[in-house]
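Me: I am new to this structure. Could you show me how to read it, one feature at a time?

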Amino acid sequence: MNDGIYMRREEIEEIKRKRLRHTLKYVYENSYFYRRKFEGIDLDRITPENIHELPFTTKQDLRSAYPLKMSCVPRNRIVRIQMSGGTTGQPVIVPYTRKDVEQWKEMVLRAFKIAGISSNDVIQITPAFGLWNGGFGFHFAADAINAFVIPIGPGNTRNQIRFMLDFGTTVLCATASYPLRIAEVAEELGIRPSELPVEKMLLGAEPWSDEMRRKIEETFEAVTFDIPGLTEMGGVGTVGFECPLRKGLHMWEDNYIVEVVDPKTGEPLDEGEEGEVVYTAINREAMPLIRYRSGEVSEILSKERCECGIEHITLGRIRGRTDDMIIHSGVKFYPRDVESILARYGIVHYRIEVGSDVRVLFEGEQSLVPRLLRDFREFIGINPELVALQKGQIERFEGKAKRLVRI
Ligand SMILES: [Zn+2]
C-alpha cells in the first residue's frame, strides 16, 4: 500500500493540482465565507504555482467565523471539534468530519512509520486530551497500530515517571519543553533519566533549538523527532514530519500546499528566505483553509528529493512565531535563538523579559555571564542584561512553556 511518504514528484504534482482544484470549487460552493472572499476571481485558473494570487485566510477570519460559520458541512456531519488560540477573546474552532479524523490519523501514522514505531511500542501520550488538540492525533494513530497506549495527558510528573518505569514506556509524546522537567523530577527521585525505558520522543507544539535537542537526547539517551502541526490544519502531526536524516521537516504536499511569505508585504519568498509559513489544506472536509497565515516562522530549505528518499518539500524547523519576534536595537530575533546559546552551557531553565531593554534570567552560575554575553553579542548581536539565578527560581512548565515576557 502506498502510504504517501515516498510518493514520486510527478505523483505529488498531479495530486496537488487535482486536490487544489477540487478544494477551491468545494469551498466556493459550500462556504459562504469563501464564496465572498473569492468573488470575482476565476478559480479555474488557480494552480499550485499561482496560488499566491488568492487572498489569505487569517486567524481573525476564524475568530469572526465562531462558532461554525466557515464550516463546509452541515452540523450532523461534524464528529468533533478542537480549539486553538488563547484563553481570552473569541475562540477559534476547528470542526472535523469522520474523513478529517481519518486524515489526522493517517498523517500521524506516517510519522510513526518514519520513526519506526510499531505495535511493540508502549506509547505514553502527555499532551492534553481536551479541546486544545494535543493528545488525540497521537492516540488515534497509536490505537490504529495496536500499540500499548498510555493516554495519561499532562501533569503529575512523578506519576509520569512511575508509569514509564512500571509499564516500560518506549515512546514519549510531549511538548518540547517537557522532557527536561521530567529529567529534573526523575533526578529528585534518585532516578537517572537515562535509566528510563524511553527510546523515542515525538516532540512538538513549540519551537525548540538543536542545542536543546542535544541536551534532551544526551540526558535520556533517546532519539527525538520534531512533529509540527497546528490545530487550524487539523492538529499535531498533520502537516509534516521531521526527516529521519534531520535535513528539516518534510511537509505532506499531497495534503497541504506550503508557502513562505514576507510577513509584512505578504509577497511569496524564495527558497532559503525566512518568513511566515502559509498553508492550504487540500485534503480536508469540514473546514479546509485556503492560504492560512500560520504565524510560524521558517524557510523552505529544498524542493528537491531528499537523501532519505522523501520527495515532499523540506521546510526548516520552526524558528519562532511572528508574535514571539523580538526587535531590539534594530536586531530581530526569537526566543529559540536565546535558547540555543543558553543550552550550549547546559542552561535549560530561562526567561526572557523584554521592555525597553532585554533581560535574560537563567538558572546557572554567575561565572557564566561573561561567556554568555560574548555569545549573545557574537551570534545574535544583542547585549542583554543577564541575571543568574539559583536552581528552582524559574517557573516550570508541563505544557507549552511561556518563556517570553513583555513588560
Ligand atoms: Zn529527508
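The dialogue below goes from domains to helices, then strands, then a single residue.

Me: What kind of model is this?

Reply: This is a predicted model.

Me: Where do the domains begin and end?

Reply: Start with the chain's division. Domain 1 covers 1–322, and domain 2 covers 325–406. Their C-alpha centres lie 28 Å apart.

Me: How many residues of each domain are in contact with the other?

Reply: Count each side on its own. Domain 1 gives 22 residues, and domain 2 gives 15. On the side of domain 1 that touches domain 2, the elements giving two or more residues are α7 and α8. The largest share of that side, 4 residues, comes from α8. By residue class, the side of domain 1 that touches domain 2 has 9 nonpolar, 7 polar and 6 charged residues.

Me: How is the size of an interface often given?

Reply: It is often given as the accessible area lost when the parts come together. Here, the contact count is 22 residues of domain 1 with 15 of domain 2.

Me: Let's turn to helices. Which residues of α7 are buried?

Reply: For a helix, list the buried residues, then look for what they pack against. Helix α7 spans residues 178–188. Its buried residues are Y178, P179, L180, I182, A183 and A186. These pack against two helices, α6 (157–167) and α8 (210–220), and against two strands, β5 (171–175) and β6 (200–204).

Me: What phi does G190 take just after α7?

Reply: G190 takes a positive phi of about 80°.

Me: Which residues of α5 are buried?

Reply: Use the same reading steps. Helix α5 runs over residues 135–144. G135, F136, G137, F138, A141 and A142 are buried there. The buried residues of α5 pack against α4 (98–115), β3 (122–125), β4 (148–150), β5 and β9 (235–236). After α5 comes N146, with a positive phi near 60°.

Me: Now strands. In what order do the 4 strands of the open sheet lie?

Reply: Read a sheet from neighbour to neighbour. The order here is β10-β11-β16-β15, with antiparallel pairing. At the edges are β10 (240–242) and β15 (300–302), each pairing on one side only.

Me: How many bridges join β11 to β16?

Reply: There are 2 bridges between β11 (residues 249–251) and β16 (residues 314–315). To place that pair, find H250, which stands opposite T314 in β16.

Me: Which strands pair with β13?

Reply: Take each partner in turn. Strand β12 (residues 256–261) pairs with β13 over 6 bridges, in the antiparallel sense. V261 stands opposite E276 in β13. β14 also pairs with β13 in the antiparallel sense, over 4 bridges. In that pairing, G275 stands opposite S298 in β14.

Me: Why is β13 largely enclosed by the rest of the structure?

Reply: Check burial residue by residue. In β13, 7 of the 7 residues are buried, so the strand is largely enclosed by the rest of the structure.

Me: Last, a single residue. Is A286 buried or exposed?

Reply: Count the C-beta atoms around the residue. A286 has 24 other C-beta atoms within 10 Å, so A286 is buried. The cut-off for buried is 20 or more.

Me: Where does A286 lie, and what does A286 touch?

Reply: A286 lies in the loop between β13 (275–281) and β14 (292–298). Leaving out residues up to four places away in sequence, A286 touches S71, C72, V73, I78, P95, Y96, T97 and D100. For a distance across the chain, take A128, which is 158 residues from A286 in sequence. The C-alpha atoms of A286 and A128 are separated by 23 Å.

Technical notes. Residues are numbered from 1 along each chain as its sequence is written. This is a predicted model: local features need pLDDT of at least 70, side-chain atom pairs count only at pLDDT 80 or more; totals for chains, interfaces and linings use all residues. A residue is buried if 20 or more other C-beta atoms lie within 10 Å of its own, exposed if 12 or fewer, and partly exposed in between; C-beta atoms are placed from the backbone. Two residues are in contact if their C-beta atoms, placed from the backbone, lie within 7 Å. Two strands pair if DSSP finds at least two bridges between them. Domain bounds come from an automatic or database domain assignment. Ala, Val, Leu, Ile, Met, Phe, Trp, Tyr, Cys and Pro count as nonpolar, Asp, Glu, Lys and Arg as charged, and the others, Gly among them, as polar.
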